[in-house]
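This report looks at a metal site and at the strands that follow in the discussion. The sequence and structure are shown here.

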Amino acid sequence: MKIAVISDIHGNVLALEAVIADLKAEAPDLIVNLGDCVSGPLWPEETAAILREAGWPTVRGNHDRFVLEDPLEKLGPTDVFAAERLSQASIDWLQTTQPTIRLDDNIFLCHGTPDNDDRYLSEKVEGPKGHLPDEDTLLHELKGEKSPIVCCGHTHIPRLIQLQETGQIVLNPGSVGLPSYEDDHPLRHVMEAGSPHARYALMTNNSGAWNFQQKMLSYDWDAASRAALENGRPGWARALKHGFYGPLS
Ligand SMILES: [Fe+2]
């Protein structure tokens with residue numbers, strides 16, 4: 001059994017196309033998507049058109065939820081850009097996404113934490129950058145979810161964490177389309193994958209034990225960066241080009 005886990009595409013169709021090309025070679029049995037599909041100053045409708053066709057089991061990310069539920073005047077610029085460009089068919093498809101997905105007795109999929117799409121599971125923020133959370137924090141944020149494997153996104157930072165107490169695995173595949181960002185909650189911080197590559201993860205079980213693989217793919221991030229700049233988002237342009245949010249050019 002080979003499962004590809006993708007997350008946080010954020011409307012970056014060029015990165016998504018690179019992942020899809022790699023998936024053709026990897027030929028997984030199943031592809032799952034952990035959400036934040038379209039929000040961002042790039043190509044939301046083009047991204048949604050591919051995802052509609054793909055039909056992968058898809059979790060609703062916090063940004064997907066904002067686009068679906070909030071009026072335009074309440075949305076931040078990242079979500080407004082997507083909301084103004086999505087076709088009705090893409091909105092209808094986004095409505096089919098689910099808050100969480102229990103794939104089977106072993107694998108649980110969520111965007112943030114099992115009960116909140118806007119909280120971090122695989123990172124802890126106590127200063128200007130996130131870091132690996134401690135065991136107690138992880139157990140608290142899992143909110144009693146007992147699945148042996150919990151896949152989450154939202155932080156855009158790839159992680160594979162095994163809890164000492166329960167043996168559970170928390171897998172975050174990182175972000176397909178946005179390797180760095182800044183946010184104000186719970187305090188101002190940046191997330192930085194450290195390179196511009198499109199990321200996803202593979203998990204394979206051939207003999208009863210799961211193996212995990214992180215994929216980091218080249219794509220035309222200069223074109224994505226230029227598109228973000230043309231759409232008035234210099235921070236996104238830097239993040240896409242470098243995988244750091246800092247003021248590099
Ligand atoms: Fe995201």
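## Iron site

In this predicted model, the donor residues of the iron ion follow the sequence spacing D-x1-H-x25-D-x119-H. Histidine 10 belongs to the loop between strand S1 (2–6) and helix H1 (13–26), while histidine 156 belongs to the loop between strand S7 (149–151) and strand S8 (159–162), so the two histidines tie together parts that lie 146 residues apart in sequence.

Coordination of the iron ion is by Asp8 through OD, His10 through NE2, Asp36 through OD and His156 through NE2, at 2.1 to 2.3 Å. The angles among these four donor atoms run from 83 to 179°, and the site is irregular; four donors would count as tetrahedral if all angles lay between 85 and 135 degrees. Histidine 10 and histidine 156 are both buried.

## Strand S9 and its partners

Strand S9, residues 169–172, is covered on both faces, with Ile169 and Leu171 buried on one side and Val170 and Asn172 buried on the other. In a regular strand, side chains alternate between the two faces of the sheet.

S9 pairs with S7 in the parallel sense over three bridges, and in this part of the model leucine 171 in S9 stands opposite cysteine 151. With S8, by contrast, S9 runs antiparallel, joined by four bridges, and isoleucine 169 in S9 is the bridge partner of glutamine 162.

## The S8–S9 hairpin

Six residues separate S8 and S9, which together form a hairpin, and glycine 167 in the turn has a positive phi of about 75°.

How values were computed: Residues are numbered from 1 along each chain as its sequence is written. This is a predicted model: local features need pLDDT of at least 70, side-chain atom pairs count only at pLDDT 80 or more; totals for chains, interfaces and linings use all residues. Side-chain values use heavy atoms; hydrogens and water are left out. Donors are N, O and S atoms within 2.8 Å of the metal (3.2 Å for Na, K and Ca); water is not among the atoms, so sites may look incomplete. Four donors count as tetrahedral if all angles lie between 85 and 135 degrees; four count as square planar and six as octahedral if opposite donors are over 155 degrees apart and all others between 65 and 115; anything else is irregular. Buried means under 20% relative accessible area, exposed over 50%, partly exposed in between (1.4 Å probe, protein chains only). Two strands pair if DSSP finds at least two bridges between them.
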